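Work through the exercises below with the model open. Each task is followed by a solution in steps.

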Amino acid sequence: MTGEFGFVEPDEADAPGDEWEDLDLEDIAQTEADKIARRQDDEFDEFRKRIKNTEQFKVEASVFDDATLAALYKLTRDGHIAAFGGPISTGKEANVYEALGADDREVAAKVYRINTSNFRQMRDYLEGDPRFEGIGSDKKQVVVAWVRKEFSNLSRARKAGVRVPEPIAVQRNVLVMELVGHADDRARRLAEVDVENPETAFEVVREYMRRLYSAGLVHGDLSEYNLIIHDGELVVIDLGQAVTVHHPNADDFLKRDCRNVASFFSRQGLETDADDLHEYVTTPEAEPAAEPDPATDPNPADRTPEDSNPADRGGDGE
């Protein structure tokens, strides 16, 4: 892997404390896709028959129950998916498929499996998040809320200037987002490449960790397996488990992230320390010093840094 890594520019990042938009538990319990699947109207029935006749469905039939097909149908009807392709990656909890979105844009459709998702592991990240109070042990509701959380996390990370896949739409257990790379030329995980410029890569990763933290998020599962490279960019992926900094386990998750990242770059020959990384991530970036105003300070060259801060002189500045 060669080339310099650049940062994406942050938008007006949200501040910690308003990390989570309110989730309507009734809406989670009965999504639009669930209503479509229950109605079984002629248009949806035709869509379902067309999908079920494809070779892809025959291979992945366990993923596409009627409610998931209804979610894809709703996303298609809303213009977010024009064509559905083959799998990019498959996992125990979710499969990611290539799809064609609006204006022939290549997108990724991440389909979570309701029945096989690791419910207990999800609970470790969900407990302590006020949005999930009242969901209880209903697996479908937890997975649907988890998918919406991933959409929200991606949106928040992008505003903070962290390079993540752009979230596009969410419906029930399906998340549509930017496809980084191409299905036939996929982006590579950091663990899969020869890192020829580890110093710069480490600087980018730790800065993204700090930007996430400043925006009120901790990734919670960050390692060389959740960082991918495409066109000279480092991209952070898999933010479904990211938690608010107010989560009771947030600091434990962050320390684990720091250990994972420091360990990887240590193997690349850098002198890294998990505690130093943790301190860097959690220390707010210093505000730039204000320029003296010539209108009120006729001799700015004679002032010292201490002169600009009344508290340092023991006075009140008046």
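**Exercise 1: Backbone angles in loops**

Arg172 sits in the loop that links β4 (167-171) to β5 (174-178). The model is a predicted one.

Task: State what is notable about phi of Arg172, and decide whether Arg172 is buried or exposed.

Solution. Step 1: Most residues other than glycine have a negative phi. Step 2: Arg172 is not glycine, yet its phi is positive, near 55 degrees. Step 3: The relative accessible area of Arg172 is 5%. The cut-off for buried is under 20%, so Arg172 is buried.

Task: Treat Asp238 in the same way, giving its place, its phi and its exposure class.

Solution. Step 1: Asp238 belongs to the loop between β11 and β12 (243-244). Step 2: Its phi is positive, about 60 degrees, although Asp238 is not a glycine. Step 3: With a relative accessible area of 28%, Asp238 is partly exposed.

**Exercise 2: The surroundings of Lys110**

Task: Locate Lys110, classify its exposure and list the polar contacts of its side chain with the side chains of Tyr112 and Asp238.

Solution. Step 1: Lys110 is in strand β3 (residues 106-112). Step 2: Its relative accessible area is 8%, so Lys110 is buried. Step 3: The Lys110 side chain makes a polar contact with the side chain of Tyr112 at 3.3 Å. Step 4: A polar contact at 3.4 Å joins the side chains of Lys110 and Asp238. Step 5: Neighbours within four places in sequence are left aside; the contacts of Lys110 then include Glu150, Asn173, Val174 and Asp238.

Task: How far apart are the C-alpha atoms of Ala67 and Asn173?

Solution. Step 1: Ala67 is part of helix α5 (residues 66-77). Step 2: Ala67 is buried, with a relative accessible area of 10%. Step 3: Ala67 and Asn173 are 106 residues apart along the chain, and their C-alpha atoms are separated by 8.8 Å.

**Exercise 3: A sheet and its hairpin**

Task: Give the strand order of the open sheet of 3 strands and identify its edges.

Solution. Step 1: The order is β8-β10-β11, and the pairing is antiparallel. Step 2: β8 (188-189) and β11 (233-236) each pair on one side only, and these are the edge strands. Step 3: β8 is joined to β10 (residues 227-230) by 2 bridges, and Arg189 has Ile228 in β10 as its bridge partner. Step 4: β10 and β11 pair over 4 bridges; here Ile229 has Leu234 in β11 as its partner. Step 5: The hairpin of β10 and β11 has 2 residues between the strands, and Asp231 takes a positive phi near 50 degrees in this hairpin.

**Exercise 4: Packing of two helices**

Task: Describe how α8 and α9 are arranged and which residues meet.

Solution. Step 1: Two packed helices are described by the angle between their axes and the distance between the axes. Step 2: The axes of α8 (residues 198-214) and α9 (residues 250-267) come within 11 Å and cross at roughly 170 degrees. Step 3: This makes α8 roughly antiparallel to α9, as the cut-off for that class is over 145 degrees. Step 4: On the α8 side the contact is formed by Pro198, Ala201, Phe202, Val205, Met209 and Tyr213, which meet Leu254, Asp257, Cys258, Val261 and Phe265 of α9. Step 5: By class, the residues of this contact are 10 nonpolar, no polar and 1 charged.

Key. Residues numbered from 1 in each chain as written. Predicted model: local features only at pLDDT ≥ 70, side-chain atom pairs only at ≥ 80, totals over all residues. Heavy atoms only, no water. Axes fitted to C-alpha atoms, helices over the stretch in contact; angles between N-to-C directions. Parallel < 35°, antiparallel > 145°, perpendicular 65-115°, else oblique. Contact = heavy atoms within 4.5 Å. Nonpolar A, V, L, I, M, F, W, Y, C, P; charged D, E, K, R; others polar. Pairing = 2+ DSSP bridges. Buried < 20%, exposed > 50% of the residue type's maximum accessible area, 1.4 Å probe, protein only. Polar contact = N/O pair within 3.5 Å; in protein donor to acceptor, adjacent residues only side chain to side chain.
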